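Okay, thanks everyone for coming. I'd like to walk you through one model today, so let me put it up on the screen.

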Amino acid sequence: MDEKSYYSRLLVALLMVLCFGVIVLQYVCPTSDCQLLHLASLSSRLGSRARGDRMSGAGAGDPYSSEDGALVRFVPRFNFTTKDLDRAVDFNIKGDDVIVFLHIQKTGGTTFGRHLVRNIQLERPCECHAGQKKCTCYRPGKRDTWLFSRFSTGWSCGLHADWTELTSCVPSFMGNRESQERRRTPSRNYYYITILRDPVWRYLSEWRHVQRGATWKASKHMCDGHLPTLSELPSCYNGDDWSGCSLEEFMACSYNLANNRQTRMLADLSLVGCYNLSIMSESQRWAMLLESAKRNLRNMAFFGLTEYQRKTQYLFEHTFRLSFIAPFTQLNGTRAASVEVEPETQRRIRELNQWDVELYLYARDLFLQRFQYARQQERREARQRRLQERRRLRAKVKPWWGVTGKAVFKPTKEPPMTEQSPIFSEEKQADAGQTLMSETEGQVEDNWLEEDDSETILDYLENVEQWR
């Protein structure tokens, strides 16, 4: 009886403590917000743990799988050759090779340019000093630069020089910096790179930049050895700048260079008579520029996308065999993202930049296919290394067991058995089956090592992973 009363008093005490806690909670937090907050916190912890378990079980934990927060299966729309997808180049930083960065306005090029001079692991890092806009990026043991960009050589070919300007200017500029001895050496390799961005957000970002007073008046727009005339390239505003302009005013200027800027800056303008608009119709002109921009983009050593920072980092490292010190971060809180734009206005911006929209869709498809191809190639090489390691270990184990690689029957002192003996027949069949399995396994491994390059494409197309 005493034991029962003891447990009863204990139960009453616990109930009183619970009631007291509820009263205190209602006094401190009279609404249901606190309770919901704790429940949400618990739910999020459990949910994140479950997601982590699923990802680790599925070979995820992949930092490249969903940069934009959406798990969308990527379906290729364009057909590219192996040459288009395999972009690993033999960049010789100790030799004469040069990386040329084509910096298009408002694509995140400033951030990427800083990565090039401050964030790459090099034998001889770039020397950057506080208060100086340019860094010194010399090769190991030489007073010669390996990087042509805003933060290394400055705007040596003009402010935001395009593909037409850079391809005609960079070789002569680098040649003038060389000594007489170096000029007699074979021509160097120039690896052109660039960054692209979604056309709508790039356009809005440029508008906000111009609204704050940016003009880019120092841009030369050199083409075929001459500058454009004022009639070929008129200004959208009167005065020193266009600060304070509204989005409607910005969009109303038909010769605004912000329209389809990425297509124009990546194309060979000499194909359409530079800035002379009277040579052909507008649609024919832009169609030629688009095809030229696609071709140049496809042949570039590397290009990245602002919307995919981690994949951009991965492809750059894969292409040039260089490694960044700190990982890239995806920053979506830009000034353009803070602009509230009506759907109708966005539609009009897309119409104004229809060629950039088409170029970006093409570039995004090529970019993601290159990423997919590089990852498949990386996995294939890892499998090959594992297979070689297994063969190496097998080669060490066999001599230790006294096996030469083939099945060897050693006679015993037991009485010989005839072929008619049931035991002999069963053992013979079992040994034959085991030998056949060993030979088949060896043939499969050997055939895997002798796969043709075309199998890489098949493996890539048949193994599509989820990411965007």
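Before anything else, a definition: when I say disulfide, I mean a pair of cysteine sulfur atoms within 2.5 Å. And keep in mind that this is a predicted model. By that rule we count five disulfides, and I'll go through some of them.

Start with Cys 236 and Cys 253, whose sulfurs sit 1.9 Å apart, so the pair passes the 2.5 Å cut-off. The torsion about that S-S bond comes out at about -75 degrees, so this disulfide is left-handed. Where do Cys 236 and Cys 253 lie? Cys 236 is in the loop between helix H7 (199–211) and helix H8 (247–252), while Cys 253 is in the loop between H8 and helix H9 (261–266), so the link ties together parts that are 17 residues apart in sequence. Cys 236 is partly exposed, at 24% relative accessible area, whereas Cys 253 is buried, at 9%.

Now, there's Cys 245 to deal with. Why does its sulfur make no bond to the one in Cys 236? Well, Cys 236 has the closest cysteine sulfur, but the distance is 9.2 Å, which is too far for a bond. Cys 245 is buried too, with a relative accessible area of 2%.

Next pair: Cys 157 and Cys 169, with their sulfur atoms also given as 1.9 Å apart. That link is left-handed, with -85 degrees about the S-S bond. Cys 157 lies in the loop between S2 and helix H5 (163–177), and Cys 169 is in H5, so parts twelve residues apart in sequence get tied together. Cys 157 is buried, at 6%.

Then Cys 128 and Cys 135, with an S to S distance of 2.1 Å. Here the torsion is about 115 degrees, so the disulfide is right-handed. Cys 128 counts as partly exposed at 23% relative accessibility, and Cys 135 as buried at 5%.

Okay, on to the strands. Strand S1, residues 98–102, has five of its five residues buried. Both faces are covered: Val 98, Val 100 and Leu 102 are on one side, with Ile 99 and Phe 101 on the other. S1 runs parallel to strand S3 (residues 190–196), joined by five bridges. In that pairing, Ile 99 stands opposite Tyr 191, and Phe 101 stands opposite Ile 193. S1 also runs parallel to S2 (residues 147–148), through two bridges, with Val 100 opposite Phe 148. Put helix H4 (residues 109–118) together with S1 and S2 and you get a right-handed β-α-β unit.

S3 is mostly covered as well, with six of its seven residues buried. Four bridges join S3 to S4, again parallel, and Leu 196 stands opposite Leu 305 there.

Last topic, cavities. How many of 30 Å³ or more does a search of the whole structure find? Three. The largest holds about 80 Å³ of space. Its lining has 14 residues, and among those nearest the centre are Phe 101 and Phe 148, along with Trp 155. By class, that lining divides into seven nonpolar, six polar and one charged.

The second largest cavity holds about 70 Å³. Strand S4 (302–305), helix H11 (309–320) and helix H13 (354–401) each give two or more residues to its lining, and H11 gives the most, with three. The classes there are six nonpolar, two polar and two charged.

Conventions. Residues numbered from 1 in each chain as written. Predicted model: local features only at pLDDT ≥ 70, side-chain atom pairs only at ≥ 80, totals over all residues. Heavy atoms only, no water. Buried < 20%, exposed > 50% of the residue type's maximum accessible area, 1.4 Å probe, protein only. Pairing = 2+ DSSP bridges. Right-handed = clockwise from strand over helix to strand, strands pointing away. 1 Å grid on protein atoms, 1.4 Å probe; cavity = no way out; pocket = protein on both sides within 12 Å on 5 of 7 lines; lining within 4 Å. Points joined across faces, edges and corners; volume = space filled by probe spheres on them. Nonpolar A, V, L, I, M, F, W, Y, C, P; charged D, E, K, R; others polar.
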